[in-house]
Amino acid sequence: MADAILLHETQDALGPIRVLDYDDARILSFGDNDEQSKILKAAPHIPQHTYVQAMLLVLLFCQPRSAMVLGLGGGALIHALRHFDAAIKLTAVELRPAVIELAKRYFQLPIGKKLNLIQDDAIEFLARGEHKRVDVIFADIYSAKGVDSGQLAPVFLAKCTQLIKPNGYLVLNCWKEHSQNRQLLADVSEHFAHVHACLTGGGNWVIFASQAPLLLGASALKHQAQSLSPKLNFALERSLTRFGPWT
């Protein structure tokens, strides 16, 4: 990562955590050539990674009053959701205490009454089932090695169905190779009646699972994406062109 200034570096039981600073951006990294989060310093609410942009497609299908983010990182999803609608009640669950502190210190995390920050193992937190049901669960549990297998396990998917409201969504951030995982598709389909996905330009496979069918056709979705894009400050329709049923 040439031309970056190392602002902060620490180590915990899971490995290094670094904050890298560029002229216009800031990056949270868990290892060499790794970008866990990236924000624009002047506009942290505009997602810089295509997988975050893709995850926000869920805003086309529901108008969340509450959401849970599993895996905080630098808070890119929190920033985008807070900018979109300041009234959404957000819960963010993050395993590593240092990540929470760095998100506050270096990534302008929008702290307030509508954001509940919880330091815990997200898989175990969900398994306890102590949280109220929410409209959307965003699962983005990653380490430097990739996606946490726990967020793809049938027991995790089953617990999500219990904590998502009837018309709500589970949004899973995975890798491109998961698009060919027929067992994963079968597991998600066992717990959710309707499953869609989006392949991002960055090589992520974002899954959208719900008990409720999509009520809008392709033309209406495109129109809705064009309408929401100015509120989000990026072109949501770019991700929509890669979105469809996962079969």
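Strands S11 (residues 164-175) and S13 (residues 204-210) run side by side in the antiparallel sense, joined over seven bridges. At one spot along this pairing, valine 171 stands opposite phenylalanine 208 of S13. Keep in mind that this is a predicted model. Here's a quick tour, starting with the sheet these two strands belong to.

**The sheet**
- S11 and S13 sit next to each other in an open sheet of eight strands, ordered S7-S6-S5-S8-S11-S13-S12-S14, and the pairing is mixed.
- At the edges you'll find S7 and strand S14 (243-245), each of which pairs on one side only.
- Going from one strand to its neighbour, the turn is 15 degrees on average, direction ignored.

**Helices on the sheet**
- Helix H3 packs on this sheet, where it touches S6 and S7, and its direction makes about 150 degrees with that of S7.
- Helix H5 (residues 154-163) lies across S5, strand S8 (134-139) and S11, and it runs at about 145 degrees to S11.

**A closer look at H3**
- H3 spans residues 97-106, and its buried residues are Val99, Ile100, Leu102, Ala103 and Tyr106.
- Look down the axis of H3 and these buried residues fall within an arc of 170 degrees, so they line one face of the helix.
- The cover over the buried residues of H3 includes strand S1 (5-12), strand S2 (15-21), strand S3 (25-29) and strand S4 (37-40), along with strand S6 (89-94) and strand S7 (115-119).
- After H3 comes glutamine 108, which has a positive phi, near 55 degrees.

**Aromatic rings**
- The structure has six aromatic pairs.
- One of them joins phenylalanine 61 and tyrosine 169: this pair is tilted, with 5.6 Å centre to centre and 35 degrees between the planes.
- Phenylalanine 61 is in the loop between helix H1 (50-55) and strand S5 (66-70), while tyrosine 169 is in S11, so the pair ties together parts that are 108 residues apart in sequence.
- Both partners are tucked away: phenylalanine 61 counts as buried at 16% relative accessibility, and tyrosine 169 is buried with a relative accessible area of 5%.
- Phe61 and Tyr169 also belong to one aromatic cluster together with Phe208 and Phe243. Phe208 is the residue in S13 that faces valine 171.

**A charge over a ring**
- Elsewhere, arginine 96 lies over the face of phenylalanine 30, at 4.5 Å from the ring centre.

Terms used: Residues numbered from 1 in each chain as written. Predicted model: local features only at pLDDT ≥ 70, side-chain atom pairs only at ≥ 80, totals over all residues. Heavy atoms only, no water. Phe/Tyr/Trp six-rings, centres within 6.5 Å; stacked < 30°, edge-to-face > 60°. Helix = DSSP H or I, 4+ residues; strand = E, 2+ residues; numbered from the N terminus. Buried < 20%, exposed > 50% of the residue type's maximum accessible area, 1.4 Å probe, protein only. Lys NZ or Arg CZ within 6 Å of the ring centre and 35° of its normal. Arc of directions from axis to C-beta. Contact = heavy atoms within 4.5 Å. Pairing = 2+ DSSP bridges. Axes fitted to C-alpha atoms, helices over the stretch in contact; angles between N-to-C directions.
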